[in-house]
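Pull up the model and keep the sequence beside it. We'll take a walk through the fold, one piece at a time.

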Amino acid sequence: MIRKWLSFRSLSIALALVLLFTAVLKLHLLLTDSFADIKTGNSLPLLWLAVFAELGVVWIVFSMANDRLKWLALISLFSVMSVFSTYNICNGKTNCGCAGSVEIHPAWVLGFDLVAVSLLFALRRQLSVDSVRTTFSILSKNLGLYAGFLTVAIVFIAFQSRTLRNSLTFGYFQDSIKTAPIQLGKIAVGKSVKCKLQLCNRSKQDRRIVGLNTSCKCLVPDEVVVHSTIAGQSDREINFMLFSNRVGSFHFRVLFFLDSPRQHVVAADLFAQFEEF
């Protein structure tokens, strides 16, 4: 009955438009928000990987590729997305992170993914009966474009990771000021905790902090930070107060803006689990 009122072509275009819309929302978040990975609950490289994967599938759907290749690209992506949605639900996340700043519960996303997968399977008989040779012929003609797109995506995503960025550039872009993640452990809800962030200046020059931004208003500095100095080849401890206001595991980040021409921002990450005792 589904095949009578819905065609694979119309379904593929509709799903591609949805993917394009969510990719644009992710790009907006990634390009305008310094706390994008915290808000979405994913690492930054994984979020960029999702953008490239969605744009790649959209490109395939609107290209001259045959229906089998389009079906395979769509069914693969929505199947993977359904797995991630299930993972988010099992971990108690309330935002899927798939729509940028727009918060959508993973349960709704999982339902949409499962409907998309079901419709794609229901319409698979509408696919053209092309031979394997024809399919490989189409793939080989566009192999250069696919390889180029994949290479750009891999290199771009790799540069989102500090470790890979330093290894690929032989440490040329290595940051002069570093900080280590802080594990605060379990904190009772309604309690305030003092924490110390340590900034390590490995350069010979003094660095001045010209700005400060935190991912949550519940994390505030306990001393004057802006316009203070981090002496060359020394460590600087900065005190913060963290006010717990809800139950759950949370990731916080403090951005220190510097007057350095090479390293403009230092990111310090804190992790905590708030519980009711």
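Which residue in strand 8 does asparagine 213 stand opposite? Asparagine 213 faces leucine 255 there. Before following that pairing further, a word on what you're looking at. This is a predicted model, where local features need pLDDT of at least 70, side-chain atom pairs count only at pLDDT 80 or more, and totals for chains, interfaces and linings use all residues. Residues are numbered from 1 along each chain as its sequence is written, and side-chain values use heavy atoms, with hydrogens and water left out.

Now the overview. The protein has nine helices and nine strands; helices (H or I, at least four residues) and strands (E, at least two) are DSSP runs, numbered from the N terminus. Of its 277 residues, 40% are buried, where buried means under 20% relative accessible area, exposed over 50%, and partly exposed in between, with a 1.4 Å probe and protein chains only. Take the contacts (heavy atoms within 4.5 Å) between residues at least 6 apart in sequence: 68% of them join residues at least 24 apart.

Back to the strands. Strands 4 and 8 belong to an open sheet of five strands, ordered 2-9-8-4-6, with mixed pairing. Two strands count as paired if DSSP finds at least two bridges between them. At the edges sit strand 2 (182–188) and strand 6, each pairing on one side only. Strand 4 (residues 207–214) and strand 8 (residues 248–258) run antiparallel and are joined by five bridges. Strand 8 also pairs with strand 9, again in the antiparallel sense, this time over 10 bridges. In that pairing, phenylalanine 252 stands opposite leucine 270 of strand 9. To get from strand 8 to strand 9, the chain makes a hairpin through six residues. Strand 9 (residues 265–275) then pairs with strand 2 in the parallel sense, over six bridges. Look there for glycine 185, whose bridge partner in strand 9 is alanine 272.

There's another sheet to find. It is open too, with four strands in the order 1-3-7-5 and antiparallel pairing. Strand 1 (177–178) and strand 5 (219–221) are at its edges with a single partner strand each, so one side of each has no neighbour in the sheet. Strand 1 runs antiparallel to strand 3 (residues 192–201), and two bridges join them. One residue to click on is lysine 178, which has cysteine 200 in strand 3 as its bridge partner.

Some loops deserve a stop as well. Most residues other than glycine have a negative phi, and most peptide bonds are trans. Histidine 227, though, has a positive phi, near 75 degrees. You'll find histidine 227 in the loop between strand 5 and strand 6 (229–230), where it is exposed at a relative accessible area of 56%. Glutamine 233 also has a positive phi, near 50 degrees. Glutamine 233 lies in the loop between strand 6 and strand 7 (234–243), and its 56% relative accessibility makes it exposed.

Now swing round to the helices, starting with helix 2 (residues 8–32). Its 25 residues should span 36 Å at 1.5 Å a residue (the expected span is 1.5 Å times one less than the number of residues), and its end C-alpha atoms are indeed 36 Å apart. Among its buried residues are Phe8, Leu11, Ser12, Leu15 and Leu19. The cover over the buried residues of helix 2 includes helix 3 (36–40), helix 4 (44–61), helix 5 (67–90) and helix 6 (106–122).

How do helix 2 and helix 5 pack, and at what angle? The angle is about 45 degrees, with the axes 11 Å apart. Here axes are lines fitted to C-alpha atoms, for helices over the stretch in contact, and angles run from 0 to 180 degrees between N-to-C directions. That makes helix 2 and helix 5 oblique to each other; under 35 degrees would count as roughly parallel, over 145 as roughly antiparallel, 65 to 115 as roughly perpendicular, and the rest as oblique. On the helix 2 side, Phe8, Ser12, Leu15 and Leu19 meet residues of helix 5 that include Trp71, Leu74 and Phe78.

Finish on helix 5 with serine 82. Serine 82 is buried, at 10% relative accessible area. Leaving out residues up to four places away in sequence, serine 82 touches Leu110, Asp113 and Leu114.
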